[in-house]
Amino acid sequence: MQKEYILYGTSGCHLCDEAESVISTAIKNHAIIYIKQDIVEDDNLLNQYALTIPVFKCQATQQELNWPFTEEAVKAFIRQ
């Protein structure tokens with residue numbers, strides 16, 4: 001079964017770019033799909049995540065992995 005995730009962030013955020021790189025490397029060879037969601041496009045997301053982006057969220061479980069995270073942390077997160 002393929003799991004779906006969201007990477008919350010915004011454009012021009014160097015930490016978000018770094019998080020995406022870590023995630024991309026960590027999910028190689030795994031059945032993982034993630035989308036990037038710009039929090040600026042939604043007031044609720046902006047209020048919720050403005051001070052915590054980047055955040056990697058599992059849509060099925062609603063669990064979140066907050067920055068900073070490593071490849072190993074992402075791998076453990078997607079195994080849950």
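In what order do the four strands of the open sheet stand? Select them and read across: β2-β1-β3-β4, with mixed pairing. β2 and β4 are the edge strands, each with a single partner, so one side of each has no neighbour in the sheet. From one strand to the next, the twist averages 20 degrees. Keep in mind that this is a predicted model.

**Stop 1: the helix on the sheet**

Add α1, residues 14-26. Helix α1 packs on the sheet and touches β1, β2 and β3. Its direction makes about 160 degrees with that of β1.

**Stop 2: strand β3**

Select residues 55-58, which form β3. Are the faces of this strand covered or open? Both are covered. Val55 and Lys57 on one side are buried, and so are Phe56 and Cys58 on the other.

Now bring in β1, residues 3-9. Four bridges join β1 to β3, and the two run antiparallel. Pick Leu7: its bridge partner in β3 is Phe56. Pick Ile6 next, which stands opposite Lys57.

Go to the other neighbour of β3. Strand β4 covers residues 64-66. Three bridges join β3 to β4, again antiparallel. Lys57 turns up here too, standing opposite Glu64 in β4.

**Stop 3: the β3-β4 hairpin**

Five residues lie between the two strands of this hairpin. Select Gln62 in that loop. Phi of Gln62 is near 70 degrees, a positive value in a residue other than glycine. Gln62 is partly exposed, at 46% relative accessible area.

For a second case, jump to Asn29 in the loop between α1 and β2. Phi of Asn29 is also positive, near 70 degrees. Asn29 counts as exposed, with 84% relative accessibility.

**Stop 4: the salt bridge**

How many salt bridges does a search of the whole structure find? One. Show the side chains of Glu20 and Lys36: their closest N and O atoms are 3.3 Å apart. The pair links distant parts of the chain, with Glu20 in α1 and Lys36 in β2, 16 residues apart. Glu20 is partly exposed at 21% relative accessibility. The cut-off for buried is under 20%. Lys36 is exposed at 56%.

**Stop 5: the largest pocket**

Stay with Glu20 and Lys36, which are among the residues lining the largest pocket. The volume of this pocket is about 180 Å³. Extend the selection to Leu7, Tyr8, Gly9, Thr10, Ser11, Gly12, Cys16, Asp17, Gln37 and Asp38, which also belong to the lining. Which elements give two or more residues to this lining? They are β1, α1 and β2.

Centre on Gly9, in strand β1. Gly9 is buried, with 6% relative accessible area. Not counting residues up to four places away in sequence, Gly9 touches Cys16, Gln37, Asp38, Ile39 and Ile53. For scale, set a C-alpha distance from Gly9 to Ala76: the two are 21 Å apart in space and 67 residues apart in sequence.

**Stop 6: the cavity**

Leave the open pocket for enclosed space. Rolling a probe the size of a water molecule over the atoms shows where empty space is left. A search of the whole structure finds one cavity of 30 Å³ or more. The largest cavity has a volume of about 40 Å³. To outline it, select Lys3, Tyr5, Cys58, Thr61, Gln63, Phe77 and Gln80.

**Stop 7: Ile33 on the edge strand**

Lys3 and Tyr5 have a further role in the tour, as contacts of Ile33. Ile33 lies in strand β2 and is partly exposed, at 34% relative accessibility. Leaving aside neighbours within four places in sequence, Ile33 is in contact with Gln2, Lys3, Glu4 and Tyr5. The C-alpha atoms of Ile33 and Gln2 are 7.3 Å apart, although 31 residues separate the two along the chain.

**Stop 8: two cis peptide bonds**

Which residue precedes Pro54 across a cis peptide bond? Ile53 does, and omega is near 0 degrees. Pro54 sits in the loop between α2 and β3. Then select Trp67 and Pro68: the peptide bond from one to the other is cis, with omega near 5 degrees. Pro68 is in the loop between β4 and α3. The tour ends here.

Conventions:
Residues are numbered from 1 along each chain as its sequence is written. This is a predicted model: local features need pLDDT of at least 70, side-chain atom pairs count only at pLDDT 80 or more; totals for chains, interfaces and linings use all residues. Side-chain values use heavy atoms; hydrogens and water are left out. Buried means under 20% relative accessible area, exposed over 50%, partly exposed in between (1.4 Å probe, protein chains only). Two strands pair if DSSP finds at least two bridges between them. A salt bridge is a side-chain nitrogen of Lys or Arg within 4 Å of a carboxyl oxygen of Asp or Glu. Axes are lines fitted to C-alpha atoms, for helices over the stretch in contact, and angles run from 0 to 180 degrees between N-to-C directions. Contact means heavy atoms within 4.5 Å. On a 1 Å grid over the protein atoms alone, a cavity is a set of points where a 1.4 Å probe fits but cannot get out, and a pocket is an open set with protein on both sides within 12 Å along at least five of seven lines; lining residues have an atom within 4 Å of a point. Grid points are joined across faces, edges and corners, and a volume is the space filled by probe spheres set on the points.
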